[in-house]
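Please look over the model below before reading my comments. I have kept them short and in numbered form.

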Amino acid sequence: MAVSSSRQVTKNRQGGKNANAWIVKQARGIIPPLVALLVALAIWQILCPPGSEGLPGPIQVIQGAWDPFIINPFFDNGGNSKGLALQVWASLQRVFIGFSLSAIIGVGFGILIGSNKLVYRSLDPMFQVLRTIPPLAWLPIALAALKDNGLAAIFVIFITAVWPILINTTVGVQQIPQDYINVKRVLKLSNKAYFFKILLPASLPYIFTGLRIGIGLSWLAIVAAEMLRSDVGIGFFIWESYNNAYLDRIILALIYVGIVGFLLDRSIAFVATKIVAEDQK
């Protein structure tokens, strides 16, 4: 019994040490950015005190946007009068559709172009010209062709995200070591086996790099597109608030935009950690 009690005490102590180590590790990751944020807010408040003209300080932003935009981000009064969470959701739906299309087409064409030198030489000059066109320059063309603001915004998302995905996928396929290709020949692998066993795993780091760049650019593009032509969405909300001189709402919306953009990037990075082999990261 004494030995068993001693083992239990030792086990409890070890568990306590592990818990303390975890808390210390988390604190080291949270405290520095939290302190930096508090310092930035303090400087902002000092530069924009209550009653001053120009940009409102954090206290004025909270006071001005508290009801209903902070305490009730999901309110829906019909029409364009919606909470920020619903505005963000409307934008995210467009981003999801446009980005999904760009991922499918970008990865598919990237693999095709990277695998075939003739196709690469034929299409690369055209793609290099098209990718330099600013995304919003496509908006008038999209509106004229699609006759719908929402579809035009989705097209802008697609044309923005497809280039980094396509180019990174192409480079990833072209960077497959010659030894891997020799293995295919020696083992006489079928095209299907080569694709799933060699080409795709070797290209995944490049593909996910393109996806991360693409999702970030998609979020930037949707905000800009909605500011120009939309009736709902976070970009529309920012532009409507500007027209009505609600700077506190604009600042709150920008905070939403930044947080959502960060979460989108982290989501792609998280998926990459689960799929990409450890030695390729």
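The points below cover helix packing, aromatic pairs and some backbone details.

1. **Status of the model.** This is a predicted model. Please read every value below as computed from that prediction.

2. **H8 against H10.** Start with helix H8, residues 191–228, and helix H10, residues 247–275. Their axes lie 10 Å apart, and the packing angle is about 165°. An angle over 145° counts as roughly antiparallel. H8 and H10 are therefore roughly antiparallel to each other. The crossing of H8 past H10 is right-handed.

3. **Who touches whom in H8 and H10.** From H8, the contact uses Leu-204, Phe-208, Leu-211, Arg-212, Ile-215, Trp-219 and Val-223. On the H10 side, the residues include Val-257, Val-260, Gly-261, Leu-264, Asp-265 and Arg-266. Further along H10, Ile-268, Ala-269, Val-271, Ala-272 and Ile-275 also take part. Sorted by class, this contact of H8 with H10 has 14 nonpolar, 1 polar and 3 charged residues.

4. **Gly-261.** This glycine lies in helix H10. Is Gly-261 buried or exposed? Neither label fits: its relative accessibility is 22%, so Gly-261 counts as partly exposed. Gly-261 is also part of the contact with H8. Between Gly-261 and Ile-215, the C-alpha to C-alpha distance is 8.3 Å, while 46 residues separate them in sequence.

5. **H2 against H10.** Helix H10 also packs with H2. Here the axes come within 8 Å and cross at roughly 75°. Angles of 65 to 115 degrees count as roughly perpendicular. H2 and H10 are therefore roughly perpendicular to each other. H2 contributes Gln-60, Val-61, Gly-64, Ala-65, Phe-69 and Ile-70. H10 contributes Asp-248, Arg-249, Ile-251, Leu-252 and Tyr-256. The class count for H2 with H10 is 7 nonpolar, 2 polar and 2 charged residues.

6. **Aromatic pairs: Phe-127 and Trp-163.** How many aromatic pairs does the model hold? The count comes to 7. In one of them, the rings of Phe-127 and Trp-163 have centres 5.5 Å apart and planes at 50°, so this pair is tilted. Phe-127 sits in helix H4, residues 117–130, and Trp-163 in helix H6, residues 149–174. The two are 36 residues apart, so the pair links distant parts of the chain. Phe-127 is buried, at 13% relative accessible area. Trp-163 is buried as well, at 11%.

7. **Phe-195 and Phe-196.** These two form an edge-to-face pair. The centres are 4.9 Å apart, with 90° between the planes. Phe-195 is partly exposed, with a relative accessible area of 27%. Phe-196 is also partly exposed, with a value of 49%.

8. **A ring cluster.** Which residues do ring pairs link into a cluster? They are Phe-69, Phe-75 and Phe-237. Phe-69 appears again in the contact that H2 makes with H10.

9. **A cis peptide bond.** Most residues other than glycine have a negative phi, and most peptide bonds are trans. The bond from Asp-67 to Pro-68 is cis, with omega near 10°. Pro-68 is in helix H2, residues 58–70.

10. **Positive phi at Lys-147 and Ala-245.** Lys-147 is not a glycine, yet its phi is positive, near 60°. Lys-147 lies in the loop between helix H5, residues 139–146, and H6. Its relative accessibility is 70%, so Lys-147 counts as exposed. Ala-245 likewise has a positive phi, of about 60°. Ala-245 is in the loop between helix H9, residues 234–243, and H10. Ala-245 is exposed, with a relative accessible area of 61%.

11. **Ile-213.** This residue belongs to helix H8. At 39% relative accessibility, Ile-213 counts as partly exposed. Setting aside neighbours within four places in sequence, Ile-213 is in contact with Pro-164 and Asn-168. Ile-213 and Ala-245 are 32 residues apart along the chain, and their C-alpha atoms are separated by 33 Å.

Definitions and conventions
Residues numbered from 1 in each chain as written. Predicted model: local features only at pLDDT ≥ 70, side-chain atom pairs only at ≥ 80, totals over all residues. Heavy atoms only, no water. Axes fitted to C-alpha atoms, helices over the stretch in contact; angles between N-to-C directions. Helix = DSSP H or I, 4+ residues; strand = E, 2+ residues; numbered from the N terminus. Parallel < 35°, antiparallel > 145°, perpendicular 65-115°, else oblique. Left-handed = near helix turned anticlockwise from the far one by under 90°. Contact = heavy atoms within 4.5 Å. Nonpolar A, V, L, I, M, F, W, Y, C, P; charged D, E, K, R; others polar. Phe/Tyr/Trp six-rings, centres within 6.5 Å; stacked < 30°, edge-to-face > 60°. Buried < 20%, exposed > 50% of the residue type's maximum accessible area, 1.4 Å probe, protein only.
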